[in-house]
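Here are a few exercises to work through with the structure open beside you. Try each task before reading its solution.

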Amino acid sequence: MGYRALVRRVLRCLRPEQRDHPPDKLPQHRRFLSNGPELMETYLRAAREYASQSDLAWLYRKPFDRNAGHPAFFEEMYSVMNLLQAMDITPSGKVAEVGSGPGWITEILLALGYEVDAIEPSEEMIAIARDRVAHARQHFRLGETPRSGFYAEPLETCSLSSESYDAVFFHASLHHVIDEEQGLAQCFRLLRPGGVLGISESAWIPGDRQLEEKLEDEMRRFGTLENPYTAEYLDFLLNKCGFVDIQRYYGVNGLFPAAMGDRRIAEAATYRPRDHNILTARKPSPYDATTLDPDARTEAKIEILDCTPERSTNTVRLKVRLVNHGETVWLAETPRAGWVSIALRRGELESPGFIEAKPRHRLPRPLSPGEDLVLSLIFHLPAGSFDAPWLLDLVNEGLFWFSRRGSRPALVRWAKGLNKERP
């Protein structure tokens, strides 16, 4: 069972009062500082100049920490890796990384196979990130795929396309956003339906002078906005912007001696749900489980109702019936992966003798569990291949062939009236 499926199962087992509901009233405490509009340009100017005031070698080396015990390295890496696992982004999905800084997380996202658009107000930071990404592409043999883009602009007014991202990712950067409502509304706009937002950073706990003094010192040194949210206020904003399935997490990192095996999660946690803003949230989807959920059961019955070969043009006309026997909605189109197409193939998948007819056909509409669809399709076959056995199969694009998940492909029989499902 995959990570997201496991989390869903655990949450379904919780009684309603155990779930962490976002507040519906504006909390008394919101952010550490006020953020009047007149300060926006001042804070943006400081953000743009931050790199020139920092240790350039550190920006290129981040997150590697040479201090005793490497505390910054482990904190950064655990935070990023745990959040990415919890987000469970669509394989080969498209990610908007907000506050990308020197690009060390951009490198990780690209090496994991995601397409990345990095949003960062500092041109100097973007120059460092471009340099790092270029070397990472060479080191990891990535070539130019997956694609990366860099945008020197604030989140509040970013120019990225609506509903084109599978995920929006923040690590230690949300508290720099000046207009929080506008910024989170932009995140909602960027995400496709069902897309995931991931946030990892400290929360503001009113009265925590150790944290507040650290923030004040950072602002004195660099002039940048250090304005974290209370957990309650961030939940309120996410709810107001339309996000659903807001999940906060304990952060349990590292190895534990066997003698500590009876400790509860809350006792072992490095980060606690209300002391840190470590969470995921989703843009609502009109569907529950879809073919974007690789752990859910996707299953089909495939029938060929009629077959008309046209040898002179090397084409075959098929009338087919598809029945959704699984628990996922078959999507007709998505930005990156998870939409269903109909393919005609010969030979075993990934074998040397594998051949596919052209084209693959897309579904005309999403297909919900229990629904069926009758279609008339035309395929173009290689010359002289009519006497070989061909199979009609479905593809969950970018993820898997249906026949790999137990659905039977339909055998094409060239004599009319003999088209039956493959035994």
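**Exercise 1.** In this predicted model, decide whether Tyr250 is buried, partly exposed or exposed, and find the surface patch it joins.

*Solution.* Start with the cut-offs: buried is under 20% relative accessible area and exposed is over 50%. Tyr250 has 40% relative accessibility, so it counts as partly exposed. Next, locate the residue: Tyr250 sits in the loop between strand 6 (244-248) and helix 10 (265-268). Finally, look at its partners: Tyr250, Val252, Phe256 and Ile265 make up a nonpolar surface patch, with about 360 Å² of accessible area together.

**Exercise 2.** Is Ala167 buried or exposed, and which residues is it in contact with, leaving aside neighbours within four places in sequence?

*Solution.* First find Ala167 in strand 4 (residues 165-171). Its relative accessibility is 0%, so Ala167 counts as buried. Then list the contacts of Ala167 beyond those neighbours: Met87, Ile89, Lys94, Val95, Ala96, Leu191 and Val196. For a distance check, pick Ala47, 120 residues away along the chain: its C-alpha atom is 24 Å from that of Ala167.

**Exercise 3.** Which residues have the most contacts inside the largest nonpolar core?

*Solution.* This core has 31 residues, and Leu318, Leu344, Phe379 and Leu392 have the most contacts inside it. Elements giving two or more residues to the core include strand 8 (300-310), strand 9 (315-324) and strand 14 (390-396). Now take Leu392: beyond its neighbours within four places in sequence, its contacts include Leu318, Leu344 and Phe379. A second, separate core has 28 residues, among them Leu155, Cys158, Tyr165 and Cys241.

Notes. Residues numbered from 1 in each chain as written. Predicted model: local features only at pLDDT ≥ 70, side-chain atom pairs only at ≥ 80, totals over all residues. Heavy atoms only, no water. Helix = DSSP H or I, 4+ residues; strand = E, 2+ residues; numbered from the N terminus. Buried < 20%, exposed > 50% of the residue type's maximum accessible area, 1.4 Å probe, protein only. Contact = heavy atoms within 4.5 Å. Core = buried A, V, L, I, M, F, W, Y, C linked by side-chain atoms within 4.5 Å. Patch = residues over 30% accessible without salt bridge, like charges linked within 9 Å, V, L, I, M, F, W, Y side chains within 5 Å. Areas by Shrake-Rupley, 256 points an atom, 1.4 Å probe, with all protein chains shown as cover. Salt bridge = Lys/Arg side-chain N within 4 Å of Asp/Glu carboxyl O.
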